[in-house]
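Student: I would like a close look at a single part of this structure. Could you pick one helix and take me through what surrounds that part?

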Amino acid sequence: MRRARGGLRHQLRAVLVLAWLNGLLPILRSPLWTISTLATPISLLILLTVLYRGIGMMMGIVGGLVWTMLSSGTALIADSAYYRLELKFQQMIVATPTSPLAYTIGLALSEAVFTLPGIVLFAVLLALRVVIDLWGALEITASLILLWYAISSIAFYSSTLFTYIRYIWAVVSLLTLALGVLPPVYYPATYLGSAWWIAYLVPTSTSAMIIQNAIGITHYSLLQVGGAYLSSIIWCVMGTILTLRIARWRTP
């Protein structure tokens, strides 16, 4: 890892510039892309509502929140690889005082800004359907932030493994589907029976477990919720190590 030469002020400014360049500008110039990212979670919400009425709607809203935050992380794989392989943008960053951590957080924050309309939409739907106290709101916010950090850091590391840009968008779509639908995100982990612990192996399902428990549509024990938090934190630590210690910052 290259040693950071810029001060904290420079790193913060780099994070905000990247968030504006890669997150806010695309929303303002191409809002249709923002709408298209919501097509899948809204479709699943409608389908679950039609099939299972009230509980289906709640599961669809929780799943939509997790899916939207997940998509902001997986999109980082494509954007980061594109900037590195096609635009050589990462190579230019290497020559500046911007640290790898600031560059990664800036890109991750830009993806979160890009998906912010979807997060706000599902948060409003959730607030309209159920009364959430302050502690529940803090739990939901914490679970989404942990998910965003874990997925984004692992996504940045994954992007450095690609040497060609050709199949990367297909990989991102498959990864989003695999992490957003197959694990217990749109359904309770208890549906897995004795194998419910598998939920701890996927950061999206641990986030969904915390939110489902916070709004009371599924009740988990204190030990299960604590395990979900612990799993989320472990994923964050793993992502940080992969990004700062193992990811290839320089392209040969």
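Tutor: What follows is a walk along one helix, α3, and the parts of the chain around that helix. The model is a predicted one, and every value below is computed from it.

Start with the position of the helix. Helix α3 runs over residues 39–85, and T68 is one of its residues. The UniProt annotation "transmembrane region", from an unreviewed entry, covers several stretches, including 34–52 and 64–83. Within residues 64–83 the chain is 100% helix and 0% strand, and the C-alpha atoms at the two ends are 28 Å apart. Another stretch under that annotation is 103–128. There the chain is 96% helix and 0% strand, with end C-alpha atoms 37 Å apart.

Now take T68 itself. Is T68 buried or exposed? Its relative accessible area is 3%, and the cut-off for buried is under 20%, so T68 counts as buried. Leaving aside neighbours within four places in sequence, T68 is in contact with L38, P41, T115, G118, I119 and F122.

A second buried residue sits in another helix. E111 belongs to helix α5. Its relative accessible area is 3%, which means that E111 is buried by that cut-off too. When residues up to four places away in sequence are not counted, E111 touches N22, S72, A75, L76 and D79. For a contrast, take M58: E111 and M58 are 53 residues apart in sequence, and their C-alpha atoms are 25 Å apart in space.

Next comes the nonpolar core. The largest one has 42 residues, and Y103, L107, L126 and I215 touch the most other members. The elements that give two or more residues to this core are α3, α5 (100–114), α6 (116–129), α7 (134–159), α8 (168–180) and α9 (203–215). Which of them gives the most? The answer is α3, with 16 residues. As for L107, its contacts outside the four nearest places in sequence are L18, N22, L76, S80, Y83 and F156. N22 and L76 appear again here, since both were also listed as touching E111.

The helix also borders open space. The largest pocket has a volume of about 950 Å³. Of the 28 residues that line the largest pocket, W33, T37, A75, D79 and F114 are the closest to its centre. Two or more lining residues come from each of α1 (8–29), α2 (31–37), α3, α5 and α8. Helix α3 gives the largest share of that lining, eleven residues. Sorted by class, the lining of the largest pocket holds 14 nonpolar, eleven polar and three charged residues. Note that A75 and D79 are also among the residues that E111 touches.

The second largest pocket has a volume of about 190 Å³. Its lining includes L65, M69, I119 and L126. I119 was named above as a contact of T68, and L126 as a well-connected member of the core, one of those that touch the most other members. Helices α3, α6 and α7 each supply at least two residues of this lining. Here it is α7 that gives the most, with five residues. By class, the lining of the second largest pocket has eleven nonpolar, one polar and no charged residues.

To put the part together: α3 gives the most residues to the largest core, and the largest share of the lining of the largest pocket. In the second largest pocket, α3 supplies at least two lining residues, while α7 gives the most.

Technical notes. Residues numbered from 1 in each chain as written. Predicted model: local features only at pLDDT ≥ 70, side-chain atom pairs only at ≥ 80, totals over all residues. Heavy atoms only, no water. Helix = DSSP H or I, 4+ residues; strand = E, 2+ residues; numbered from the N terminus. Buried < 20%, exposed > 50% of the residue type's maximum accessible area, 1.4 Å probe, protein only. Contact = heavy atoms within 4.5 Å. Core = buried A, V, L, I, M, F, W, Y, C linked by side-chain atoms within 4.5 Å. 1 Å grid on protein atoms, 1.4 Å probe; cavity = no way out; pocket = protein on both sides within 12 Å on 5 of 7 lines; lining within 4 Å. Points joined across faces, edges and corners; volume = space filled by probe spheres on them. Nonpolar A, V, L, I, M, F, W, Y, C, P; charged D, E, K, R; others polar. UniProt positions renumbered as here; feature names shortened; annotations may be inferred.
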